[in-house]
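Let's take a walk through a protein model together. Have the sequence and the 3D view open, and turn the view as you read.

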Amino acid sequence: AISNVSENLMNQFNVGQDEFIFRLYSIATLAILGAATFKGDMTEGAKFLLLPGTYDEINNGEEPTWSVAGKIFVVVLFSTMGFFGSSCSAAITKHFGALTMSITSTARKATTLFLSFAVFNNECTFEHIGGIVLFIMALVMKSLRASRKGRHRGQSRRRRVRRSPEMKPLVSSSIEIGSGGADPSLYQRKTASPLRHSNRRSGSSVV
């Protein structure tokens, strides 16, 4: 639902994905900042960043393993990468649609799951295999359904164009050059007669 709303907003108001994400995150930051300040988490978080060590090390008085600069660097890097990822997802939503973005995000999550098994040597059970097979089947069916819908839409548009009557311009000598085109009122709908088609085929013109 959120992807559909984002797609409609960016296309309707002609907003770029970076501007959309920046404005969205700015409003969310103000709301979260106010809630964190009211609850007292903002003060506790500032103390954590300004003191070296992890949260448990600070509470237990242990020797710190993280410096203040290191923690700030990680926070800035995490925020930057998050903004970059959100910008890419918004660009996919704007140019290819919410359905493509949904498929891409789901495939990304599956890739992360596969890498977790490969890198961290986790145990893979039959439940994991069944879930992977179910996920791949659902992803393929979702893609096929989207492609079929696109084909039906294209066919319906072609039928409408074929059934619509021809638009024939009424040539007028009063059209001024450089006026930006002919007046739309000079166009009227005409249905081609069989005589006109036969004359076109034979190469003759009717006056």
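Is Phe-48 buried, partly exposed or exposed? With a relative accessible area of 28%, Phe-48 is partly exposed, because the buried class ends at 20% and the exposed class begins over 50%. Keep in mind that you are looking at a predicted model. We'll come back to Phe-48 in a moment, once you have your bearings.

So what is the overall layout? The protein has 8 helices and 2 strands. Reading from the N terminus, the order of elements is α-α-α-α-α-α-α-β-β-α. Of the 207 residues in the protein, 13% are buried.

Now look for two stretches that come from a record. An unreviewed UniProt entry lists residues 20–38 and 72–92 under "transmembrane region". What does the model show there? Residues 20–38 are 100% helix, and the C-alpha atoms at the two ends are 28 Å apart. Residues 72–92 are also 100% helix, with 30 Å between the end C-alpha atoms.

Next, hunt for aromatic rings that pair up. A pair of aromatic rings is described by how far apart the centres are and by the angle between the planes. Searching the whole structure turns up 2 aromatic pairs. One of them is Tyr-25 with Phe-83, with centres 6.3 Å apart and planes at 80 degrees. That makes the pair edge-to-face, because the angle is over 60 degrees. This pair links distant parts of the chain: Tyr-25 belongs to helix 2 (residues 17–39) and Phe-83 to helix 5 (residues 68–96), 58 residues apart. Tyr-25 has a relative accessible area of 37% and is partly exposed. Phe-83, at 29%, counts as partly exposed too.

Here is where Phe-48 returns. Phe-48 pairs with Tyr-55, and their ring centres are 6.4 Å apart. Why is this pair called tilted? The planes meet at 55 degrees, and a pair needs under 30 degrees to count as stacked or over 60 to count as edge-to-face, so this one is tilted. Tyr-55 is partly exposed, at 45% relative accessibility. The ring of Phe-48 has another partner as well: the charged end of Lys-71 sits over it, 3.9 Å from the ring centre.

Let's move to the surface. Trp-66, Phe-73, Val-74, Leu-77, Met-81 and Phe-84 form a nonpolar patch there, with about 640 Å² of accessible area together. Trp-66 lies in the loop between helix 4 (55–60) and helix 5, and counts as partly exposed at 41% relative accessibility. Phe-84 is in helix 5. Because the relative accessibility of Phe-84 is 54%, this residue counts as exposed. Try finding Asp-18 from Phe-84: the two are 66 residues apart in sequence, yet their C-alpha atoms are 8.9 Å apart in space.

Finally, how many salt bridges does the structure hold? There is 1. Glu-19 forms it with Arg-23, and the closest N and O atoms are 3.1 Å apart. Both residues sit in helix 2, and because they are 4 residues apart, about one helical turn separates them. Glu-19 is partly exposed at 39% relative accessibility, while Arg-23 counts as exposed at 51%.

Technical notes. Residues are numbered from 1 along each chain as its sequence is written. This is a predicted model: local features need pLDDT of at least 70, side-chain atom pairs count only at pLDDT 80 or more; totals for chains, interfaces and linings use all residues. Side-chain values use heavy atoms; hydrogens and water are left out. UniProt positions are given in the numbering used here, feature names are shortened, and annotations may be inferred rather than shown by experiment. Rings of Phe, Tyr and Trp (its six-membered ring) pair if their centres lie within 6.5 Å; planes under 30 degrees apart count as stacked, over 60 as edge-to-face and the rest as tilted. Buried means under 20% relative accessible area, exposed over 50%, partly exposed in between (1.4 Å probe, protein chains only). A charge sits over a ring if NZ of Lys or CZ of Arg is within 6 Å of the ring centre and within 35 degrees of the ring normal. Patches are made of residues with over 30% relative accessible area and no salt bridge: like charges are joined within 9 Å, nonpolar side chains (Val, Leu, Ile, Met, Phe, Trp, Tyr) within 5 Å. Accessible areas come from the Shrake-Rupley method with a 1.4 Å probe; for residues, only the protein chains shown count as cover. A salt bridge is a side-chain nitrogen of Lys or Arg within 4 Å of a carboxyl oxygen of Asp or Glu.
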